[in-house]
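Here are a few exercises to work through with the model open in your viewer. Try each task before you read its solution.

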Amino acid sequence: MAGCFVAAHPVPGAAQVTGVDPRIEAILAEIDPDRMRAAIDGLVSFGTRSTLSSTDLPEWGIGAARQWILEEMSSYSDRLQVSFDAYEVGPEDAARIRRTTDLRNVLAILPGRSERRIYVSGHYDSLALGDEDGGVEPPTDDPFDRYAPGANDDGSGTVLTMELARVLAQSGMEFDATLVFMAIAGEEQGLVGAARHAARMREEGVEITAVFNNDIIGNHVGGNGISDSRTVRVFSEGPEDSLSRQLARYIRRTSQPYVPGHQVRLIAREDRFGRGGDHTPFNRQGFAAVRFTESRENYSRQHNVFDTPDGMDFEYLARNARVNAASVASLALAPAAPGVAFNLLRRGDSGYDAQLQWRAVEGAVGYRIFWREAWGQDWEHDLWVGDVTEFSLRDMSIDDFVYGVAAVGPDGHESLVSVYVRPGR
Ligand SMILES: [Zn+2]
């Protein structure tokens with residue numbers, strides 16, 4: 001059903017997509033909290049998913065857990081290419097990798113028309129500190145085989161990733177971008193699995209448009225008793241017009257029409273204070289990557305035996321999955337972002353206009369330009385300008401506003417916004 005999405009063109013004023021694509025609505029309707037609850041129970045049943053735990057036991061430890069994730073994702077659709085992404089890691093990779101270990105991320109790839117990739121990820125490894133054993137007897141004396149349920153951190157991000165793999169692959173839709181669903185290991189030892197993978201992608205010249213990393217995303221009651229089940233945070237590294245900030249803005253803009261009762265709170269920070277996540281190694285390699293995290297965390301149920309499924313809300317987790325899915329699908333259906341450069345924003349013949357120029361993108365039917373006060377955090381205005389590669393805004397200062405441009409595909413889906421900023425800013 002191509003062409004069924006009618007965006008309201010032109011749309012001056014607030015930068016908000018006003019149309020919704022019924023195909024994306026159908027995908028969101030398939031997201032199933034009960035399935036996600038069952039998947040969390042499945043993950044927790046392996047006792048621990050510590051990256052250093054046993055890999056040769058059939059029902060305990062990370063080896064059994066990753067095999068289960070691989071088989072689950074393989075069962076969703078023949079279109080998904082599921083494999084291990086394996087690395088031998090040791091103390092030289094991170095001090096907390098105490099011994100040489102066979103680390104494996106699990107990848108499920110849904111090929112698109114182009115090789116350009118969009119990732120959805122969560123880390124499936126778990127960690128339990130402290131002396132409690134949770135009343136669960138591990139099968140070996142190895143300290144790394146101790147009980148570490150990791151339900152919310154980060155079973156939540158793992159099952160969200162698995163659920164998106166299922167509904168997007170089973171939709172039967174063909175996307176422009178290639179979708180990669182990644183269950184990551186080694187996060188708790190220093191983001192090792194993500195770092196090795198991101199470095200390999202950079203080395204191989206793979207183009208990654210966006211990484212949607214989900215970590216601690218399924219609980220809405222803070223340890224202080226304050227509850228918030230209607231918002232989710234998206235953390236992105238600066239500066240204010242970095243690739244990751246464009247991705248964060250895009251997520252709010254594109255997801256809100258589909259999930260209007262669930263607010264995306266953009267946080268202009270790389271991560272929470274003193275904490276890390278798997279989006280950061282992708283940032284370090286120059287890719288756009290953000291972190292989704294619940295708005296109210298319970299720190300007393302993280303990294304210990306109390307991180308169990310009864311501390312989660314699966315309806316809340318499902319709403320967060322829908323926010324992810326709406327933006328992932330929109331971005332995957334859109335063409336690539338147009339090429340811009342700092343010197344393609346000029347004052348025009350008059351010397352007092354804003355003249356924007358950009359390089360055409362394959363598959364685009366037109367372009368939308370964006371601007372905001374240079375002091376503003378998010379786009380304040382947008383304008384559909386049609387199938388051109390140059391547009392002038394009369395009497396608009398190029399000093400006082402930030403400008404950008406997005407490519408629009410035949411069904412109305414927009415790319416990320418490319419911004420006119422000095423290189424490295
Ligand atoms: Zn985590």
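**Exercise 1.** In which loop does Ile 216 lie? Then look at its phi and its burial.

Before we start, two notes. This is a predicted model, where local features need pLDDT of at least 70 and side-chain atom pairs count only at pLDDT 80 or more, while totals for chains, interfaces and linings use all residues. Residues are numbered from 1 along each chain as its sequence is written.

*Solution.* Step one: Ile 216 sits in the loop between β5 (208-214) and β6; strands are DSSP runs of E with at least two residues, helices are runs of H or I with at least four, and both are numbered from the N terminus. Step two: its phi is near 65 degrees, a positive value in a residue other than glycine. Step three: Ile 216 has 25 other C-beta atoms within 10 Å, so it is buried (20 or more within 10 Å means buried, 12 or fewer exposed, in between partly exposed, with C-beta atoms placed from the backbone).

**Exercise 2.** Do the same for Asp 395: is it buried or exposed?

*Solution.* First, place Asp 395 in the loop between β13 (390-393) and β14 (401-408). Next, read phi: near 55 degrees, again positive in a non-glycine residue. Finally, count C-beta neighbours inside 10 Å: there are 9, so Asp 395 counts as exposed.

**Exercise 3.** What is the strand order of the open eight-stranded sheet?

*Solution.* Walk across it: β1-β2-β4-β3-β5-β8-β6-β7, with mixed pairing. β1 (81-89) and β7 (263-267) are the edges; each has a single partner strand, so one side of each lacks a neighbour in the sheet. Two strands pair if DSSP finds at least two bridges between them. Now zoom in on β1 and β2 (residues 101-110): they pair antiparallel over nine bridges, and Ala 86 stands opposite Arg 104 in β2.

**Exercise 4.** Which residues of helix α2 are buried, and what covers them?

*Solution.* Start with the helix itself: α2 (residues 33-44) has twelve residues. The buried ones are Met 36, Ala 39, Ile 40, Leu 43 and Val 44. They cover an arc of only 135 degrees around the axis, so they are on the same side of α2; the arc is that of the directions from the helix axis to the C-beta atoms. Asp 34 and Ala 38, on the other side, are exposed. The cover includes α3, α4 (151-170) and α8 (314-333), where contact means C-beta atoms, placed from the backbone, within 7 Å.

Methods:
Expected span 1.5 Å × (residues − 1). Contact = placed C-beta atoms within 7 Å.
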